[in-house]
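Visitor: I am new to this structure and would like to look closely at a single part of it. Could you take one helix, show me how it sits, and then lead me outward from there?

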Amino acid sequence: MVTLSEIQTRMRDAILAREEEPLDDILGPTAKRFEIHRRHFISSVSAALEKTFPAVVSLIDRRFFGYVADSFIRSKPPLSPCLSEYGAELPGFLAGFPACANRPYLADVARLEWAIHAAYHAADSSIGHESIFDPSVHHFSSRFPVHQIWNVALGRAEGPVDLSAGPSHLMIHRRGNDVSVEILSETEFRFHRALVECGDIALVAHAASELYPGFDIGATIGRLRKRNVLTQPLALGGDAI
Amino acid sequence: MTTLRNRALGPGIGLRAPHIAAFQALRPAVSFVEVHAEHHLGGGFMRRALRDIRRDYPISLHCVGLSIGSTEGVDENHLLRVRTLADEIDPFLISDHLSVSKLAGVYANDFIPIPYSRDALWLAARHIDRIQECLGRAILVENPSHYIAYAGVEMDEGEFLTTLAARTGCRILCDVNNIYVSARNLGRDAHAELAQFPAGAIGEIHVAGHATEEDGRLLIDTHDRPACNDVLALYATAKKRFVDVPSLFEWDNALPGLEVLLGEARRMEEYHEDVHGHA
């Protein structure tokens with residue numbers, strides 16, 4: 001007799017398989033109709049990915065995205081019941097997917113879109129979140145002008161894009177009901193990253209003033225406060241900046 | 001815990017992300033709003049909007065991922081996130097499906113029925129106990145749509161649900177579209193199936209639309225269109241039998257404008273009133 005656990009393992013293998021897996025001993029004459037669950041799994045998860053990665057879909061066209069998504073879903077299926085949290089691994093998958101090798105920027109566009117998606121859904125509360133930045137803040141850097149590529153892909157800017165016009169350094173964060181993508185200078189980006197990793201404003205400011213003599217730390221922190229992306233007032237030399 | 005007070009406003013609606021802004025602006029006269037809990041577990045607009053809607057409407061949290069029938073057990077992290085949302089929103093109902101959505105570690109994004117056996121009953125009861133213990137309340141469990149039939153089942157759906165409700169104290173979310181889809185697919189009589197549902201344990205009724213394939217031999221639970229008259233007739237029967245139970249129209253795919261969804265909720269109530277008269 002097949003146990004419940006064996007049934008579910010075989011059903012999992014069946015929804016992940018490219019070819020129909022025989023389940024006749026479990027489902028009798030209705031085994032063929034398990035195809036409805038197999039089809040729904042790939043089509044509904046693929047549709048969720050399409051919503052999360054619209055620029056990637058536009059860059060490689062919808063039919064090809066369907067093929068890529070199918071391969072991705074079967075190789076790294078969702079493990080969580082929240083589909084809005086699925087897709088973090090797609091950029092890395094694209095980077096290693098041979099059929100996308102002729103678009104070396106594609107993985108970075110996907111990284112940007114994932115950061116936008118994650119910022120939109122990020123927790124409101126900073127409880128248990130020790131970063132200086134709000135939980136919605138993501139930093140992201142690419143050797144390509146990825147922000148420009150993303151805008152062109154979504155029809156918000158005219159192409160063509162000069163791929164050698166990179167690199168780009170971006171901060172993605174939630175602003176009201178929308179997500180904002182802001183271009184940072186390389187120095188500003190490094191300063192933000194140091195704040196994320198170190199968390200000690202005095203140490204980071206001291207290092208930045210030595211490494212980047214012309215860098216205006218006060219103005220940078222002022223911009224961060226204006227954007228409302230900090231979880232704490234940053235104090236430098238005992239004063240809140 | 002909140003209760004449903006404005007029952008006179010008729011059925012509730014399933015509220016999905018594309019309709020939220022219009023719903024907030026319109027504030028339509030519906031008795032309650034049901035949302036998929038998993039869509040609101042994060043922060044930002046989706047959480048804030050739910051808090052806003054909660055101020056004027058009773059909320060039903062309909063879960064899609066507790067996977068009551070999974071042999072790997074209840075996902076404790078997920079359960080705690082649902083509990084946190086429930087603590088914040090104070091829903092008048094919390095429900096999920098009598099099915100497996102997580103198959104040996106993989107989330108299938110579907111409601112795959114479990115075999116109606118004693119083993120499965122014991123497993124589902126144990127998981128419902130754990131969920132109810134964590135949430136501090138009885139949940140509702142929905143009958144899924146069936147395309148497949150397991151070999152060697154030991155009881156029918158009505159008996160399984162009746163025993164499950166008696167053993168755990170959970171209530172039943174009776175989805176009449178799912179009863180109809182399952183009955184047609186498995187060659188059974190939908191009204192006879194409905195008659196087996198335990199009237200005293202029904203806590204909510206769902207109505208939705210389905211697609212027809214294979215020249216009518218196969219129905220798919222698509223939630224992408226109005227309910228057909230056969231489903232509305234089943235609803236009228238259920239509504240008469242399950243007195244004072246809140247009901248809801250669900251539309252999840254190929255969403256029309258909010259007005260169309262609200263119109264479907266009104267239409268299902270009018271159908272019931274035409275058959276059985278006003279309450």
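Guide: What follows starts from one helix and moves outward to its surroundings. Please keep in mind throughout that this is a predicted model. The helix to begin with is α5 of chain A, residues 62-75, whose 14 residues reach 20 Å from the first C-alpha to the last, close to the 20 Å expected at 1.5 Å a residue. Within α5(A), the residues Phe65(A), Val68(A), Ala69(A), Phe72(A) and Ile73(A) are buried. These five lie on the same side of α5(A), because they cover an arc of only 130° around the axis. If you turn the helix to the face that points away from this buried side, you find the exposed residues Arg63(A) and Ser75(A). As for what the buried residues of α5(A) meet, they pack against three other helices of chain A, namely α3, α4 (54-60) and α6 (90-95).

One of these neighbours, α3 (35-52), leads on to the second chain, for together with α1 (4-16), α2 (24-27) and α7 of chain A it is among the helices that each supply at least two residues of the side of chain A that touches chain B. In this meeting of the chains, 35 residues of chain A are in contact with 35 residues of chain B. The helix α1(A) gives the most to chain A's side, with eight residues, and that side as a whole divides into 19 nonpolar, twelve polar and four charged residues.

The interior can be followed in a similar way. The largest nonpolar core has 139 residues, and those with the most contacts inside it are Val56(A), Val109(A), Val141(B), Ile172(B) and Val176(B). Helix α7 of chain A, residues 106-121, gives the most to this core, with eleven residues. Apart from it lies another core, of six residues, including Leu195(A), Ile201(A), Val204(A) and Ala208(A).

In chain B, Val176(B) touches, among others farther than four places away in sequence, Leu194(B), Ile205(B) and Val207(B). Ile172(B), for its part, stands opposite Ile202(B) in β9(B). The strand β9(B), residues 202-207, is mostly covered, since six of its six residues are buried. Four bridges join β9(B) to β8(B), residues 171-175, and these two strands run parallel. Three bridges join β9(B) to β12(B), residues 247-249, again in a parallel arrangement, and there the bridge partner of Val207(B) is Phe249(B).

Technical notes. Residues numbered from 1 in each chain as written. Chains lettered and ligands numbered in written order. Predicted model: local features only at pLDDT ≥ 70, side-chain atom pairs only at ≥ 80, totals over all residues. Core = buried A, V, L, I, M, F, W, Y, C linked by C-beta atoms within 7 Å. Buried ≥ 20, exposed ≤ 12 C-beta atoms within 10 Å, placed from the backbone. Contact = placed C-beta atoms within 7 Å. Nonpolar A, V, L, I, M, F, W, Y, C, P; charged D, E, K, R; others polar. Pairing = 2+ DSSP bridges. Expected span 1.5 Å × (residues − 1). Arc of directions from axis to C-beta.
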